[in-house]
Amino acid sequence: MAGFEPSALPELLPLYYRRLFPHGPYGRWLGYGGGECGAAGRAGAGERGPGRESGAGDPGTEPAAPPAVEKNYFARREFSFTLRDDIYVRYQSFEHPQDLEKELQKTCPYKVDIGAVYSHRPSQHNALRSGAFQAQEKELVFDIDMTDYDDVRGCCSSAEICSKCWTLMTIAIRVLDRALVEDLGVQHRLWVYSGRRGVHCWVCDDTVRKWSSSLRSSIVDYLSLVKGGADTVKKVNLSDPVHPFISKSLRLVEERFEEYALLGQDILGSRESWDKVLALVPEPLREQLQQDFPRKRDSVQRWARLKALVEKSRQSSSSSKKLPSYAEKEIMLQFCFPRLDGNVSKGLNHLLKSPFSVHPKTGRISVPIDVQRLDQFDPFAVPTISSLCRELDEANDADEDRDKENEEDPEPKRRVRDYKRTSLAPYVRVFERFVEDMERARRGELLRRSDLQGDF
Amino acid sequence: MEFSSARGRRRAARAGGRGRYPHSLQFYLAPPAESVSLAEFESFAVDRLRLLKVVENLGVKYLKGTDDYKSKLEYELRKLKFPFKALAEDDYDARRKDHISHFILRLAYCQSEDLRRWFIQQEMDLFRYRFNELSDSLVQQFLEYVNLLYEPISEEVKERLKDELLMSTPGLSAEKVKEQAFYKIPLQDAQDLIRVRRVLLNYGFALVPHQDMVVIILNNYRTKLSKALALTARSLPAVQSDERLQPLLNHLSHSYIGPDYSAQKNTGKISLEQIDTLSVKSYPICMRQLHKALRENHHLRHGGRMQYGLFLKGIGLTLEQALEFWKSEFIRGKIDADKFDKGYAYSIRHNYGKEGKRTDYTPFSCMKIILSNPPSQGDYHGCPFRHSDPELLKQKLQSYKISSTGISQILELVKGMHYQLACQKYFELTHDVDDIGFPLNHPNQYFVESQKLLNGDSPVYQFLPALSGIHGLKKGHLKEGKYHTLEMKTALCPLPQLPSSCL
């Protein structure tokens, strides 16, 4: 991983937080329009005080409208830092994004986590009567971790990933993203690579952030199909009728099943591996398949045989009174369907690693993933903090060379943001597009609301 | 039939009570606003508790909604003088009792998550039964009364989505889809259907067929009740300072599940060397499997550490013993001593109330283990009766030397989703008793009862009186106070009214 050494972090982190971390869009994201009026305040880390409600004397701004969230929304957000030697500091909070920026540059945390928006400023939680300090809002988050797939991936285990099993993550993203939009009707999703072996999703719609934890846990149950721990062999059980959520997800899994599971993982390649699959097939069919499989050439052929046999039995089951078997679908789902870490999504006060935080073990930056171009995303190409700092040095060297050539104007247009000169740029671009979409939606909503008021 | 007599009384009741209680059923939105004598306060509370206890027991014994269940419940409602027939109009007294007693128990049952969970569960079951007894026209009236009318989807939308609508609700036929109205329900009101994936979700709305509206109503009721309990809990200190009420309320809340098995009494009576033997002899199967997994893998994931750690605390391990126990096991695996001290010791101290918000955590009850946080890959916690494949459960039971008839009895109970009864059966088989004679609802209770049996009359453990349900609850726990009546308003509603938007 591009020569990253955890021991180099104390040296690299100051540079990262000073020159590379995208403080501007980051503050706009978590501010949710609270400290600004209308579309103003887009200059990012500007000096605009949050107390200024109307855009007086600022002709460019739109008419004052009620902000989307309360003004101290950002200030009530919990941040947690992991410092050197695994020292963990919870309940950090900051008046404005600029204060967070300063603190990050000062303390240079190894890892940054984002928590909930509380009823009071988290930094003051000790001063409050217990019970008064309550988590009120939080993005709906999902955490998918490759370790949870260890029983169905043959290529790696625990913290390792490879390009083969990465497909599991892309399937998970596709399945969940479809459901988030088409079933749950949400708009603003930010998908993020965790920096090592998984992905996170931040659902940021105004209404969703207000969801109760019981609604969140119902949604997690709705979205979970793979159930059971080490003691359960068959982790997916379908019954009639198959719910549209499942059939639509299945379609997305099917598209990639052959390439991933049959060719890539070769799940029917040897007796040992196909026994694991056949354990999920009901009794009479299993025996038949155990006889048939050795005679077939490869996983693809064996799968075709399995599928044909199960489908045939399903057709005949409608005439006899047996329950139909959905074994082939269940197998596909057990091997490929997203496995959520439910507890992360259910609780409001659960912390999750922030986008653009550095993974302390791999040095990789937790970067947003462009879902439109999911297939192009390569976790191994994600820059590490070392590679970025090196790129930055090289860019500076080039600058200096150029500066020497035209001496008369030292530091001409240094205002190019530093991250734009590194391979972090495209990821920041994805992030900015996400923030801009949210701001556009917010402006639309404000306009709609002021129109409604104007009707009187 | 008492209500067919005395026409005059009925009319009088109608004049006096109809306005206040227009329906036999309500969401209990407004607390009672009248004065109640202390004696009535107490007897109402005890009766309602008795009723809820019956609801719980019937729910375990019978399938909810079957004729047996319904007739038994009606009998109890009638006996305890709660409203039991939707149409009876002269049951003002019963409706009043229903109303007031509900609010009293809220005070007693808002104090901890476990109590709230139990109370909500029983009140929900009671409400479901009573709602299902309503006729169609009364349902309609009730919905208007509680302001729960939803917008149906148009025929075009229905036509466009008809296949998906058909596939999303088991038991629906194409004709039924055609003839029924489907309502557009916000996600938060349809949680119970969403959780079990029994409804079509379409761009942020659940499209619910008329036949499932009862679930929506119940869901709505649950939300309101749980919010109200949270609010009540916040204002509880004010009520508890009333010395006439405090002892009664405490007594009421303790009588539902008996002890909570937080250690205290037996701390330090167990040595670490005993644990392996005890795990075979006196552990319920869920703890036995956790112990075994810990010994084998020298590690347990968070859910397992919580469930097993608190159980150990409950059977009497001191904090020092617990730290030693977990550490000695973990360092045999991939964790070194330093990492253990940094990463794991905190949460053990936390369980003992020595870190964080310093709550002294209580061991998990069966209900909690069965209902919350199911195990996933790599986990060993949970309830083996609930969370294992029947096939694996069978193998496990065989390895524990359970007879094959015993195994099939257990599996039969598991199939009927009676996980606690299955565990009870397991207890009976392993301890060679015919009937343990009490409901089993806590792993620590299992342990205590097992020790009692094995050690005869000189138990190693002294325990709070066994779970006698409400039998231990007698009237007369109120301290004599200066006043004989209470202003219900101040006792029951020292809290701000919910804003109408949440209602």
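In this predicted model, the secondary structure of chain B works out at 26 helices and six strands. Half the chain is tucked away, or to put a figure on it, 50% of the 503 residues of chain B count as buried. The accessible surface of chain B adds up to about 24,300 Å², and carbon and sulfur atoms account for 51% of that. As for how the chain folds back on itself, take the contacts in chain B between residues at least 6 apart in sequence: 70% of these join residues at least 24 apart.

A good place to zoom in is a set of four cysteines. The "binding site" annotation in UniProt, from an unreviewed entry, covers Cys286(B), Cys366(B), Cys383(B) and Cys423(B). These cysteines span 138 residues in sequence, yet no two of their C-alpha atoms are more than 9.9 Å apart, so they gather at one spot. Cys286(B), Cys366(B), Cys383(B) and Cys423(B) also turn up in the lining of the second largest cavity.

Two of the annotated cysteines can be followed further. Cys286(B) sits in helix α15 of chain B, which runs over residues 285-297. With a relative accessibility of 8%, Cys286(B) falls under the 20% cut-off and therefore counts as buried. Setting aside neighbours within four places in sequence, the contacts of Cys286(B) are Gln307(B), Gly382(B), Pro384(B) and Pro443(B).

Cys383(B), on the other hand, is found in a loop of chain B, the one between α20 (366-371) and α21 (384-387). Cys383(B) is buried too, at a relative accessible area of 9%. Once residues up to four places away in sequence are left out, Cys383(B) touches Ile369(B), Ile370(B), Ser388(B) and Tyr419(B).

How far can the model be trusted? Overall, the scores are ipTM 0.87 and pTM 0.70. The mean pLDDT of chain B is 80, and 83% of the residues score at least 70. Among the elements of chain B, strand β4 (residues 200-202) has the highest mean pLDDT, at 97, while helix α26 (residues 488-492) has the lowest, at 43. Residues 457-503 of chain B have a pLDDT below 50, although the model gives this stretch 103 contacts beyond near neighbours in sequence. At the other end, pLDDT stays under 50 over residues 1-17 of chain B, and the model shows 15 contacts there beyond four places in sequence. Where pLDDT is low, the predicted coordinates should not be read in detail.

Notes. Residues are numbered from 1 along each chain as its sequence is written. Chains are lettered from A and ligands numbered from 1 in the order in which they are written. This is a predicted model: local features need pLDDT of at least 70, side-chain atom pairs count only at pLDDT 80 or more; totals for chains, interfaces and linings use all residues. Side-chain values use heavy atoms; hydrogens and water are left out. UniProt positions are given in the numbering used here, feature names are shortened, and annotations may be inferred rather than shown by experiment. On a 1 Å grid over the protein atoms alone, a cavity is a set of points where a 1.4 Å probe fits but cannot get out, and a pocket is an open set with protein on both sides within 12 Å along at least five of seven lines; lining residues have an atom within 4 Å of a point. Helices (H or I, at least four residues) and strands (E, at least two) are DSSP runs, numbered from the N terminus. Buried means under 20% relative accessible area, exposed over 50%, partly exposed in between (1.4 Å probe, protein chains only). Contact means heavy atoms within 4.5 Å. Accessible areas come from the Shrake-Rupley method with a 1.4 Å probe; for residues, only the protein chains shown count as cover. pLDDT is the predictor's confidence in each residue, from 0 to 100.
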